[in-house]
Amino acid sequence: MSEYESVQKGALKMKGVAIGKKKKKKDKEQKKMMEQYLASMKNEEEKKKAALDKRTPAQIVFEKMQEKRQMERILNKASKTHKQRVEDFNRHLDTLTEHYDIPKVSWTK
(Lines give C-alpha, C1' and ligand atoms only; values in the text may rest on other atoms or scores of the structure.)
Protein backbone atom coordinates (compact mmCIF):
# COMPACT_ATOMS: atom_id res chain seq x y z
CA MET A 1 0.00 0.00 0.00
CA SER A 2 2.84 2.42 0.72
CA GLU A 3 3.75 2.42 -2.97
CA TYR A 4 0.44 4.06 -3.91
CA GLU A 5 0.31 6.70 -1.16
CA SER A 6 2.33 9.24 -3.13
CA VAL A 7 0.05 9.10 -6.17
CA GLN A 8 -1.66 12.35 -7.05
CA LYS A 9 -5.46 12.07 -7.23
CA GLY A 10 -7.85 14.20 -9.24
CA ALA A 11 -8.00 15.68 -12.70
CA LEU A 12 -4.89 16.56 -14.66
CA LYS A 13 -3.95 20.24 -14.70
CA MET A 14 -2.68 21.82 -17.88
CA LYS A 15 -0.55 24.96 -18.03
CA GLY A 16 -2.09 28.04 -19.62
CA VAL A 17 -5.63 26.70 -19.65
CA ALA A 18 -8.30 28.44 -17.61
CA ILE A 19 -10.02 26.21 -15.09
CA GLY A 20 -13.78 26.03 -15.24
CA LYS A 21 -16.61 24.58 -17.20
CA LYS A 22 -17.53 25.94 -20.56
CA LYS A 23 -21.09 27.13 -20.80
CA LYS A 24 -23.17 25.82 -23.63
CA LYS A 25 -24.78 28.46 -25.78
CA LYS A 26 -28.49 28.07 -26.16
CA ASP A 27 -29.82 28.37 -29.63
CA LYS A 28 -32.62 30.90 -29.34
CA GLU A 29 -33.73 30.48 -32.92
CA GLN A 30 -34.10 26.73 -32.55
CA LYS A 31 -36.13 27.25 -29.37
CA LYS A 32 -38.46 29.69 -31.13
CA MET A 33 -38.91 27.28 -34.02
CA MET A 34 -39.82 24.46 -31.62
CA GLU A 35 -42.38 26.67 -29.87
CA GLN A 36 -43.95 27.65 -33.19
CA TYR A 37 -44.01 24.03 -34.31
CA LEU A 38 -45.69 22.89 -31.07
CA ALA A 39 -48.24 25.70 -31.29
CA SER A 40 -49.07 24.78 -34.89
CA MET A 41 -49.42 21.11 -33.93
CA LYS A 42 -51.86 22.04 -31.15
CA ASN A 43 -53.90 24.13 -33.58
CA GLU A 44 -54.03 21.28 -36.07
CA GLU A 45 -55.11 18.82 -33.37
CA GLU A 46 -57.88 21.18 -32.26
CA LYS A 47 -59.09 21.54 -35.83
CA LYS A 48 -59.08 17.76 -36.30
CA LYS A 49 -60.97 17.28 -33.05
CA ALA A 50 -63.54 19.85 -34.07
CA ALA A 51 -63.99 18.17 -37.44
CA LEU A 52 -64.22 14.67 -35.95
CA ASP A 53 -66.32 15.71 -32.95
CA LYS A 54 -69.90 14.71 -33.66
CA ARG A 55 -71.24 15.29 -30.18
CA THR A 56 -74.09 17.63 -29.44
CA PRO A 57 -73.45 20.70 -27.29
CA ALA A 58 -75.37 19.05 -24.45
CA GLN A 59 -73.07 16.01 -24.60
CA ILE A 60 -70.00 18.24 -24.50
CA VAL A 61 -71.31 20.12 -21.44
CA PHE A 62 -72.23 16.81 -19.77
CA GLU A 63 -68.70 15.43 -20.24
CA LYS A 64 -67.12 18.64 -18.97
CA MET A 65 -69.25 18.50 -15.83
CA GLN A 66 -68.32 14.84 -15.31
CA GLU A 67 -64.62 15.71 -15.54
CA LYS A 68 -65.12 18.61 -13.11
CA ARG A 69 -66.92 16.37 -10.57
CA GLN A 70 -64.26 13.70 -10.94
CA MET A 71 -61.52 16.24 -10.23
CA GLU A 72 -63.42 17.43 -7.13
CA ARG A 73 -63.68 13.82 -5.89
CA ILE A 74 -59.99 13.24 -6.47
CA LEU A 75 -59.01 16.42 -4.62
CA ASN A 76 -61.38 15.56 -1.77
CA LYS A 77 -59.91 12.07 -1.38
CA ALA A 78 -56.36 13.35 -1.65
CA SER A 79 -56.92 15.93 1.09
CA LYS A 80 -57.42 13.28 3.81
CA THR A 81 -54.83 10.88 5.13
CA HIS A 82 -55.57 7.20 5.62
CA LYS A 83 -55.76 7.72 9.37
CA GLN A 84 -58.37 10.46 8.97
CA ARG A 85 -60.44 8.26 6.67
CA VAL A 86 -60.36 5.39 9.17
CA GLU A 87 -61.43 7.73 11.99
CA ASP A 88 -64.33 9.07 9.92
CA PHE A 89 -65.42 5.54 9.03
CA ASN A 90 -65.31 4.49 12.69
CA ARG A 91 -67.42 7.51 13.65
CA HIS A 92 -69.92 6.54 10.96
CA LEU A 93 -70.09 2.96 12.28
CA ASP A 94 -70.66 4.26 15.81
CA THR A 95 -73.72 6.18 14.66
CA LEU A 96 -75.32 3.07 13.16
CA THR A 97 -77.68 0.98 15.26
CA GLU A 98 -76.81 -2.52 16.40
CA HIS A 99 -79.30 -3.87 13.88
CA TYR A 100 -76.49 -3.77 11.30
CA ASP A 101 -74.02 -5.70 13.48
CA ILE A 102 -73.00 -9.13 12.25
CA PRO A 103 -74.08 -11.72 14.82
CA LYS A 104 -71.53 -14.18 16.10
CA VAL A 105 -72.03 -17.57 14.49
CA SER A 106 -70.67 -20.63 16.22
CA TRP A 107 -71.42 -24.31 15.56
CA THR A 108 -70.23 -25.51 18.95
CA LYS A 109 -72.27 -23.24 21.25
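K77 is located in helix α2. In this predicted model, K77 has a relative accessible area of 60% and counts as exposed, because the cut-off for that class is over 50%. K77 belongs to a patch of positive charge on the surface. The other members of the patch are K68, R69, R73 and R85. Helix α2 spans residues 57-79 and supplies the largest share of this patch, 4 residues.

The overall fold is described next. The chain contains 3 helices and 0 strands. Read along the sequence, the order is α-α-α. Of the 109 residues in the chain, 0% are buried. A residue is called buried when its relative accessible area is under 20%. The chain exposes about 12600 Å². Carbon and sulfur atoms account for 58% of that area.

Salt bridges were then examined. The whole structure holds 3 of them. One pairs E63 with R55. The closest N and O atoms of E63 and R55 are 2.0 Å apart. Both partners are partly exposed: E63 has a relative accessible area of 32%, and R55 has a relative accessibility of 36%. Each value falls between the 20% and 50% cut-offs, so E63 and R55 are assigned to the intermediate class.

A second salt bridge links K80 to D88. Here the closest N and O atoms are 2.6 Å apart. K80 is partly exposed, at 34% relative accessibility. D88 is also partly exposed, at 26%. D88 forms a further salt bridge, with R91. The closest N and O atoms of D88 and R91 lie 2.7 Å apart. D88 and R91 are both in helix α3. Their separation is 3 residues, about one turn of the helix. Through shared partners, the salt bridges join K80, D88 and R91 into one network. D88 takes part in the bridge to K80 and in the bridge to R91.

Helix α3 covers residues 82-95. Q84 is placed in this helix. The side chain of Q84 comes to 3.0 Å from the backbone nitrogen of T81. This distance is within the 3.5 Å limit for a polar contact. Q84 has a relative accessible area of 37% and is therefore partly exposed, lying between the 20% and 50% limits.

F89 is another residue of helix α3. F89 is exposed, with a relative accessible area of 51%. The cut-off for this class is over 50%, so F89 meets it. On the surface, F89 forms a nonpolar patch with L93 and L96. Together, F89, L93 and L96 present about 260 Å² of accessible area.

Two surface patches are thus described. One is positive and includes K77; the other is nonpolar and includes F89. K77 lies in helix α2, whereas F89 lies in helix α3. Helix α3 also carries D88 and R91, which are joined with K80 in the salt-bridge network.

Definitions and conventions. Residues numbered from 1 in each chain as written. Predicted model: local features only at pLDDT ≥ 70, side-chain atom pairs only at ≥ 80, totals over all residues. Heavy atoms only, no water. Helix = DSSP H or I, 4+ residues; strand = E, 2+ residues; numbered from the N terminus. Buried < 20%, exposed > 50% of the residue type's maximum accessible area, 1.4 Å probe, protein only. Areas by Shrake-Rupley, 256 points an atom, 1.4 Å probe, with all protein chains shown as cover. Patch = residues over 30% accessible without salt bridge, like charges linked within 9 Å, V, L, I, M, F, W, Y side chains within 5 Å. Salt bridge = Lys/Arg side-chain N within 4 Å of Asp/Glu carboxyl O. Polar contact = N/O pair within 3.5 Å; in protein donor to acceptor, adjacent residues only side chain to side chain. Lys, Arg positive; Asp, Glu negative; His and termini not counted. Charge placed at Lys NZ, Arg CZ, Asp CG, Glu CD.
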